[in-house]
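Please open the model in a viewer and set the display to a cartoon representation. The tour below proceeds selection by selection.

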Amino acid sequence: MAAAVKAKSSTATTLSLAVSVVVLAIAYIYVSTVFVFIDRWLGLFSSPGIMNAAVFSALAAACALTYRAAISTDPGRVPATYMPDVEDAESPIHEIKRKGGDLRYCQKCSHYKPPRAHHCRVCKRCVLRMVLLVGSLASDGVQDEEKNRRSSFRTVYVVSGLLLVPLSIALCVLLGWHIYLMLHNKTTIEYHEGVRALWLAEKGGSIYKHPYDLGPYENLTSVLGPNILSWLWPTANHIGSGLRYRTIYDLPKGASTSK
């Protein structure tokens, strides 16, 4: 799935306000955790402190690398030579407009849209399978210095709590939401379109089935790759051109899919 925040080019990344806030938040959480919490609770140079600092540093590095990949990876584009073939037996699904029933055509890019492609206002082009992130003054005296240290630690605790609690809740909600989308092989846009399609189908007395929902395992492998070991470090090598995806019509007759 394409990232919510995309770079305008594959070689240069514009540091927007949202990106700057996320980078500062990651840096603050790392510094406060390692040099304040771990150092104060376990001792940074003790065996438990070194172990916890190493594990957290690895997680922070993985977080920074994946976020950098999300904002700098080119989301791709529709080939200029793409033309839908309605008579192609290997492509049984052709998405059409809600009004008129014509094949989807992007007026801004001046070409047809492949299945699951949408126009991105940030990238200014159609994207394949698009988805919709305090100091104190020092004074003389040991007691005053200790009070200032306690006050500084208290400030770090309060700021960390105000930052981590809503951030943790938001990330848990987003994690659960994207797990649901992967298990059903949907993008965010397709989910909202599916809600309307389901309502129209029930209104007409028919049954709506998301055409790309192949079943939980097949859906996971289509997103993360066929090799389970590569799920910890997903790549896009298995996706192909991005112009055609497997559908329920490609499954053998009698094969079960998720409801």
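Helices here are DSSP runs of H or I with at least four residues, strands are runs of E with at least two, and both are numbered from the N terminus. Read on that basis, the protein follows the pattern α-α-β-β-β-β-α-α-α along its sequence, which comes to five helices and four strands. The model is a predicted one.

**The whole chain**

Begin with everything selected and a surface displayed. The protein has 259 residues, of which 29% are buried. It exposes about 17,400 Å², and carbon and sulfur atoms supply 64% of that area.

**Helix α2**

Select residues 47-72, which form helix α2. This helix has 26 residues, and the distance from its first C-alpha to its last is 37 Å, close to the 38 Å expected at 1.5 Å a residue. Which residues of α2 are buried? They are Gly 49, Ala 53, Ala 60, Tyr 67, Ile 71 and Ser 72. An α-helix has 3.6 residues a turn, so residues three or four places apart point the same way.

**The pairing of α1 with α2**

Add residues 17-41, helix α1, which is included in what covers the buried residues of α2. The axes of the helices α1 and α2 come within 10 Å and cross at roughly 175°. Because angles over 145 degrees count as roughly antiparallel, α1 is roughly antiparallel to α2.

Now show the side chains between these helices. On the α1 side, the residues that meet α2 are Ala 18, Val 19, Val 22, Val 23, Ile 26, Ile 29, Tyr 30, Thr 33, Val 34 and Ile 38. On the α2 side, their counterparts are Gly 49, Asn 52, Ala 53, Phe 56, Ser 57, Ala 60, Cys 63, Tyr 67 and Ile 71. By class, this contact has 15 nonpolar residues, four polar ones and no charged ones.

**Two partly exposed residues of α2**

Select Pro 48, which lies in helix α2. Is Pro 48 buried or partly exposed? Its relative accessible area is 42%, so Pro 48 is partly exposed. Label Ile 38 as well: Pro 48 and Ile 38 are ten residues apart in sequence, and their C-alpha atoms are 9.0 Å apart in space.

Move on to Ala 54, also in helix α2. At 46% relative accessibility, Ala 54 counts as partly exposed. A distance label from Ala 54 to Val 34 reads 9.3 Å between C-alpha atoms, for residues 20 apart along the chain.

**A loop between strands**

Select Ser 110, in the loop between β1 (105-106) and β2 (111-112). What is notable in its backbone is phi, which is near 60°, a positive value in a residue other than glycine.

**From α3 to α4**

Select Asn 185, in the loop between α3 (142-183) and α4. Phi of Asn 185 is near 55°, again positive in a residue other than glycine. With a relative accessible area of 2%, Asn 185 is buried.

Continue to residues 188-203, helix α4. Its 16 residues should span 22 Å at 1.5 Å a residue, and its end C-alpha atoms are 23 Å apart, which agrees. The buried residues of α4 are Thr 188, Ile 189, Glu 190, Gly 194 and Ala 201. Just after α4, select Gly 205, which takes a positive phi of about 80°.

**Helix α5 and a return to Asn 185**

Finally, select residues 216-224, helix α5, where Val 223 is found. Val 223 is buried, with a relative accessible area of 13%. Display Asn 185 together with Val 223: they are 38 residues apart along the chain, and their C-alpha atoms are separated by 7.6 Å.

How values were computed: Residues are numbered from 1 along each chain as its sequence is written. This is a predicted model: local features need pLDDT of at least 70, side-chain atom pairs count only at pLDDT 80 or more; totals for chains, interfaces and linings use all residues. Side-chain values use heavy atoms; hydrogens and water are left out. Buried means under 20% relative accessible area, exposed over 50%, partly exposed in between (1.4 Å probe, protein chains only). Accessible areas come from the Shrake-Rupley method with a 1.4 Å probe; for residues, only the protein chains shown count as cover. The expected span of a helix is 1.5 Å times one less than its number of residues. Contact means heavy atoms within 4.5 Å. Axes are lines fitted to C-alpha atoms, for helices over the stretch in contact, and angles run from 0 to 180 degrees between N-to-C directions. Angles under 35 degrees count as roughly parallel, over 145 as roughly antiparallel, 65 to 115 as roughly perpendicular and the rest as oblique. Ala, Val, Leu, Ile, Met, Phe, Trp, Tyr, Cys and Pro count as nonpolar, Asp, Glu, Lys and Arg as charged, and the others, Gly among them, as polar.
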